[in-house]
Structures are given as C-alpha cells and as structure tokens.
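Me: I would like to learn how to read a fold from its sheet and its core. Could you take me through one example?

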Amino acid sequence: MSNSKLMDYFNKRPRLGCLSTANKEGKVNVAYFGSPQMIDEKTIVMGLGKNRTFAYLQENPQGVFMIMEPGKTPTEWKGVRLYVKMTECHTSGEKLDNFKAQLAKVAGEAAAKIIYAAVTFEVYDIKPLADFGQGWEKSIG
C-alpha cells in the first residue's frame, strides 16, 4: 500500500484525530482536531488557537497524531498513529492568512477567527492504531 492511501485515509471527512504533545518538563496534553490536512506523503498542515497544544509545541516540537475508527472488537478497530515534528509555525504573514482564508471557506468565519497559528509537521514514523505486528497499512483498510 502506498502512502497515497495514507493521505486518502488521513484526509477523509468526517473524522476526528487527537494530537498528543508534551512540554519541556514532560507534562503531556492531548486535544482533538478535525481539520488537519495531509498535503503530501510526509507533511501535515493545521491551524491552532493560542492554547496548550500551541504552547507545548513551542517548547517541544514533537507530537503524535492518532486517528481511530471503532470496530466490534479491539482488533477490528481501524486507525493510525503518525509521529510528527513541527517544522514551521506562522503566527502572522501570508501562510497564516492563506490558511485562515481556506478554513473560512470550509468551516466558516468563526472557525477561522480562532486560528492563531498555521503549523506544518513532518511525519517521521507511522504505526498502526494497535500494533499486533500487522503493519500500519492493514490498520486503515
């Protein structure tokens, strides 16, 4: 299975995913997001408010984005864990303005107004939701 299948899975709607982060002291945070977009096989872009996720990423750019879909038994759940590192963070300028304009078209002006930063992540590892040795490809389809 190619990573284009991962992009299709990541970008399908509706879906929710959780981004886990930790600050420099190791305090952890998790928050759900519906709007992150995988724009190529190694890159995720998303908007953040001025919140704990944003603050923690300023101290530690590492995170894990997890998507889950329920199944009848734990082994039938679908999902993936993407290990990411923040590579860009724009709190002003053209990238932020463009991101907010695109979000306004999809989610409305109210959603766009709460965006404080446009963030880019590089995906550096991929794991299945539950790792039984089957590989991430089998965990999403």
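**One residue, then the fold**

Reply: Start from a single side chain in this predicted model. Met 38 touches Leu 6, Met 7, Phe 10, Asn 11, Thr 43, Ile 44, Leu 82 and Val 123, leaving aside residues up to four places away in sequence.

Me: Which residues touch the most other members of the largest nonpolar core?

Reply: The general idea comes first. Nonpolar side chains in soluble globular proteins tend to be buried together. Here the largest nonpolar core has 25 residues. Met 38, Ile 44, Val 80, Leu 82 and Phe 121 touch the most other members. At least two residues each come from helix H1 (3-11), S4, H2, S5, S6 and S7. S7 gives the most, with 5 residues. Another core, of 5 residues, lies apart from this one. Leu 96, Phe 99, Ile 115 and Ala 118 are among its members.

Me: What is the strand order in the sheet?

Reply: Read across the sheet, not along the sequence. The order is S2-S1-S5-S6-S7-S4-S3, in an open sheet of 7 strands with antiparallel pairing. S2 (28-33) and S3 (37-40) are the edge strands; each has a single partner strand, so one side of each lacks a neighbour in the sheet. From one strand to the next, the twist averages 35 degrees.

Me: How many bridges join S3 and S4?

Reply: S3 pairs with S4 (residues 43-48) over 3 bridges, in the antiparallel sense. Within S4, Ile 44 is the bridge partner of Met 38.

Me: Which helix packs on the sheet at about 130 degrees to S2?

Reply: Helix H2 (residues 52-59) does, touching S1, S2, S4, S5, S6 and S7. Helix H3 (residues 94-107) lies across S4, S6 and S7, at about 75 degrees to S7.

Methods
Residues are numbered from 1 along each chain as its sequence is written. This is a predicted model: local features need pLDDT of at least 70, side-chain atom pairs count only at pLDDT 80 or more; totals for chains, interfaces and linings use all residues. Side-chain values use heavy atoms; hydrogens and water are left out. Two strands pair if DSSP finds at least two bridges between them. Helices (H or I, at least four residues) and strands (E, at least two) are DSSP runs, numbered from the N terminus. Axes are lines fitted to C-alpha atoms, for helices over the stretch in contact, and angles run from 0 to 180 degrees between N-to-C directions. Contact means heavy atoms within 4.5 Å. A nonpolar core is a set of buried Ala, Val, Leu, Ile, Met, Phe, Trp, Tyr and Cys residues joined through side-chain atoms within 4.5 Å. Buried means under 20% relative accessible area, exposed over 50%, partly exposed in between (1.4 Å probe, protein chains only).
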